[in-house]
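Reader: I should like to understand how the terms used for sheets and helices are justified. May we go through them one by one?

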Amino acid sequence: MPGPGPEPEPDPEPQPPAERGTPGEPPMPPMPPVVNSHTEWDPLEEIVVGRLDGATIPSRHPVVACNLPPWAARLQGLAAGRRYPRFLVERAQRELDGFVALLRSLDVTVTRPDAVDHRRRFRTPDWSSRGFCNTCPRDSLLVIGDEIIETPMAWRCRYFEAHSYRTLLKDYFRRGARWTAAPKPQLTDELFRAGFRRPGPGEPPRRIVTEFEPVFDAADFVRAGRDLFVTLGNVTNRMGVDWLRRHLGRGYRIHEIESRCRTPMHIDTTFMPLAPGKVMINPDYVDVDRLPDILRSWDVLVAPEPDPMDSRLLKVTSLCGKWLSMNVLVVDGKRVIVERQHTGMVRALKKWGFEPIPCDFLHYAPFGGSFHCATLDVRRRGTLESYFS
C-alpha cells in the first residue's frame with residue numbers, strides 16, 4: 001500500500017484587512033471605536049440623554065412601593081398607570097432642554113431614545129403591566145468598554161424599556177460596538193419577598209428581591225477601569241452581580257460597597273468616583289472604615305449635607321431622596337455638572353479642586369433622578385486601565 005502523503009500545510013494566520021488610502025500615501029489611521037467608556041471621568045465625547053415623552057406613573061407593585069415612605073406609596077398606588085401631570089412634565093422639560101444645550105456647548109454629541117407611549121399595557125405569561133418612562137438610560141443599559149449590556153431590571157413596568165433605545169443600539173452595533181442582553185428575568189412572585197415591609201428608622205436594611213434569578217440595574221454599578229463597584233439593593237441581587245462578574249471575565253474585578261440605606265437602590269447617590277484617586281461618598285449610607293481595601297490609596301471625599309428643598313411639590317413627587325445632590329455628571333475629571341441649587345455641593349467640589357458647572361435640574365427628580373441617572377455615556381476618550389495596585 002502506498003505510504004501516507006506529505007503533511008498538509010497549516011492554514012495561514014488570518015491577516016487584518018488592508019487599510020485603505022490613496023496609493024502612495026500612508027494608510028488611513030483606524031477609526032476610533034463608536035462605543036468606548038471605561039470610567040466615570042474620562043473626557044466625555046458622546047452621551048445618551050433620556051426623554052420625558054409619554055412618562056407614566058409606575059404601575060403598582062411591591063418592588064416600586066418598597067422604596068417610598070408609606071404615605072407616598074399610597075399616593076403612587078392611586079395614580080399608578082396615569083400620565084404624569086402636565087405642569088410637572090413642562091417644568092422638567094425646560095430643564096432637560098437646558099441640560100442638553102449645555103452638553104452640546106461643551107462639544108459633547110447628544111443622542112436620544114425613541115419616544116414611547118408608556119401607558120400601553122403589555123404582558124408576559126405570568127403578569128401584565130403598563131410602562132414607566134425612558135428618562136433614565138443609566139438603569140437599563142450598562143456600557144463597559146466597547147460593549148453595551150441590556151440589564152435584567154426588577155421593575156415589571158420597565159420590562160421592555162430598553163426597546164426605546166433599540167434604534168440607537170442597532171446603529172452602534174452596525175458601526176462596530178458589541179451588544180449583549182443579560183438573561184431576561186421572569187419577574188414572578190418568587191423574586192420578591194412575600195409580605196415585605198419597608199424598614200423603619202433604626203432598623204437594619206432589608207431587600208425585597210430574593211435570589212430567584214439574576215436581576216440588576218446598571219445604575220447600581222460605577223466604573224473605574226478594570227474595577228467596578230456595586231451596591232446590592234431592591235433592584236440588584238447577588239445573583240445578578242455574579243452573572244455580570246462571569247460575563248466580564250478575569251479582566252475585571254467587581255467590589256461591593258456596603259450601604260446603610262434602608263431602601264437601597266442605585267449606587268450613584270452613595271458612592272461616586274470623580275477622578276483617578278478621588279471618590280465621593282454619602283456619609284449617611286457609607287461607613288468609611290468598611291470600604292474595600294483597594295480604596296485605601298484613594299482620597300475619600302465626604303459629600304456635604306444636601307441643601308434643603310424649598311419646594312413642597314418636589315418633596316411629595318420625587319422618587320429620589322435628598323442625596324440626589326451627589327448625582328453629578330463628570331465631564332472630564334475636572335469639570336463636573338451639578339444641580340445649581342445644591343450650593344453646598346458646588347462649594348465642596350471647588351474645595352476638592354474640581355470646576356463645578358451649575359445647571360438647573362431639580363424638577364427631573366419626580367421622573368427618577370438627576371444628571372447621572374438621566375444619561376448614558378457611550379464614548380469617553382480613554383483606554384482600559386487599572387487604577388489600583
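Reader: Which residue of β16 stands opposite Ile-337?

Author: In this predicted model, the residue of β16 facing Ile-337 is Ile-357.

Reader: What makes β15 and β16 a pair of strands, and in which sense do they run?

Author: Strand β15 (residues 335-339) is joined to β16 by 5 bridges, and the two run parallel. Pairing requires at least two bridges, and 5 bridges are present, so β15 and β16 are paired.

Reader: Why are β14 and β16 called edge strands?

Author: The open sheet has the order β14-β15-β16, with mixed pairing. Strands β14 (329-330) and β16 (355-359) each pair on one side only.

Reader: How do you know that helix α8 packs on the sheet, and which strands does it touch?

Author: Helix α8 (residues 343-351) touches β15 and β16. Contact means heavy atoms within 4.5 Å. The direction of α8 makes about 165 degrees with that of β15.

Reader: What makes β6 and β7 a pair?

Author: Strand β6 (residues 147-150) and β7 pair in the parallel sense over 4 bridges. The requirement is at least two bridges, so the 4 bridges satisfy it. Across this pair, Ile-148 stands opposite Trp-179 in β7.

Reader: Which strands are the edges of the sheet β5-β6-β7?

Author: This open sheet of 3 strands has mixed pairing. Its edge strands are β5 (141-144) and β7 (178-181), each of which pairs on one side only. From one strand to the next, the twist averages 20 degrees.

Reader: Which helix packs on that sheet?

Author: Helix α6 (residues 238-248) does, touching β5, β6 and β7. Its direction makes about 155 degrees with that of β6.

Technical notes: Residues numbered from 1 in each chain as written. Predicted model: local features only at pLDDT ≥ 70, side-chain atom pairs only at ≥ 80, totals over all residues. Heavy atoms only, no water. Axes fitted to C-alpha atoms, helices over the stretch in contact; angles between N-to-C directions.
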